[in-house]
Structures are given as structure tokens and as C-alpha cells.
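Work through the two exercises below with the sequence and the model side by side, and attempt each task before reading its solution.

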Amino acid sequence: MTDLSQVLPDFPVAQYARLLPAIEKNQLTVTDLLTLELPEIGKRTQLPLLDIKRLCNALLAALHADLGVGAANEDKGKVEGKQKQQRNKGNHSSAGRSSLRQSGTELLSRPWHTISTLDTSLDAALDGGVPTGYITEITGESGAGKTQFLLTLLLSVQLPPPYGLGRPALIRSSVLWKRTRPNPLSTA
């Protein structure tokens, strides 16, 4: 696979050494193996479907283990049983780490962490600031101050509690630029 060593550097490639040359020859990526249908991959590579399925399942398990989502080597029933046991013991925080799915009760039982906006009025309106652990969408017209607000939050998250989390921060922005005026150098 063209990107396997970048996506999962510790993946045990020796077990699948027989399959990898055909997959590389057809320039299939990890994303391709996880998103394409097995017959499509089989058609492209001329490999047995069962072997491809084993490889895809191993990739998925390795990604889950790498991301800390779900238990990589346990079947679904065992995972759900463990989560039920943890909920019954009242240990909501560890149950939340093993799965992305949580009930409303589990979400509400977690401690509420916020990042201060560094504006007391706005923090009061937001019940302490912008909540962590959730996706928060910031929208507005061009020039309204969305980027400045996000840069302020980047500073705030690095501050010690109660204003921030005392942790490093990173932002990935994907801004779409739209040309509003014609380019005077272009010829029409």
C-alpha cells in the first residue's frame, strides 16, 4: 500500500507480504481498502476475497487501537458487556474512553470543562465558556471576527484552569477564498 507506513507505521506487514505487491501495483491506499467494496478490490488486484477481507479487518482493528476507539481484539458483545459493567459501577469516564457512543446520561455525568473566551460577559452567556469534548461551529459573515475569536480560544486553552486547560493547542483552518473583484492582469 502506498501510504501504509505513514498511516500505521507499526502494522505487521509480514503477515500480509503476499498481498502487498498486488495492492501497491494497483496504487490502493489504506483509505481505498477501508472504503471500497471487497469485490472491487478483488477485481483490481486479482487476490482472494478472504485474504483481502482479513487484511481490511486487520487494518481497521489497528486503526481502532491506534486511535483508542473500541477494543481492537474483542468482539462487540464483550465490549458492550464491559461497558455495562463499568456503567453499573458508576465509572462513566472509562466507559466513555472505550467507545465514541455515549448516552445522554453518560455525557451529562462527565465533568463540564470549558475554555474561557477571555470575555466575562460572553463566558457568562455560554455558562463558563466554550465546552470541550464537543464540536462547536462558529459561523458569521465575512469580517465578523471568527478567526480572531478562534485565535483567542487557542490562547485560552493553553492558560491554566479556570480559564483554559493548560494544554497545547493546534488549529487547522480550511478557508475558501473567493475572488470578489476581477483580476486586472487577466485578459478576457
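The exercises concern a helix and then a pair of residues.

The model is predicted, so that local features need pLDDT of at least 70 and side-chain atom pairs count only at pLDDT 80 or more, while totals for chains, interfaces and linings use all residues. Residues are numbered from 1 along each chain as its sequence is written, and side-chain values use heavy atoms, with hydrogens and water left out.

**Exercise 1.** Determine which residues of helix H4 (residues 38–45) are buried, and what they pack against.

Solution. Begin with accessibility, where buried means under 20% relative accessible area with a 1.4 Å probe, protein chains only; the buried residues of H4 are Ile 41, Gly 42 and Thr 45. Next, consider their directions from the helix axis to the C-beta atoms: they cover an arc of only 100 degrees, which puts them on the same side of H4. Finally, examine contacts (heavy atoms within 4.5 Å): these buried residues pack against helix H2 (20–25), helix H3 (30–35) and helix H5 (49–67).

**Exercise 2.** Describe the surroundings of Gly 164 and Thr 114, whose places are the segment after helix H10 (146–158) and strand S1 (residues 114–115), respectively.

Solution. First, Gly 164 is buried, with a relative accessible area of 5%, and Thr 114 also counts as buried, at 13%. Second, although 50 residues apart along the chain, they have C-alpha atoms separated by 7.1 Å. Third, leaving aside neighbours within four places in sequence, Gly 164 is in contact with Ser 156, Val 157 and Leu 159, whereas the residues that Thr 114 touches include Asp 127, Tyr 163 and Leu 165.

Notes. Buried means under 20% relative accessible area, exposed over 50%, partly exposed in between (1.4 Å probe, protein chains only). Helices (H or I, at least four residues) and strands (E, at least two) are DSSP runs, numbered from the N terminus.
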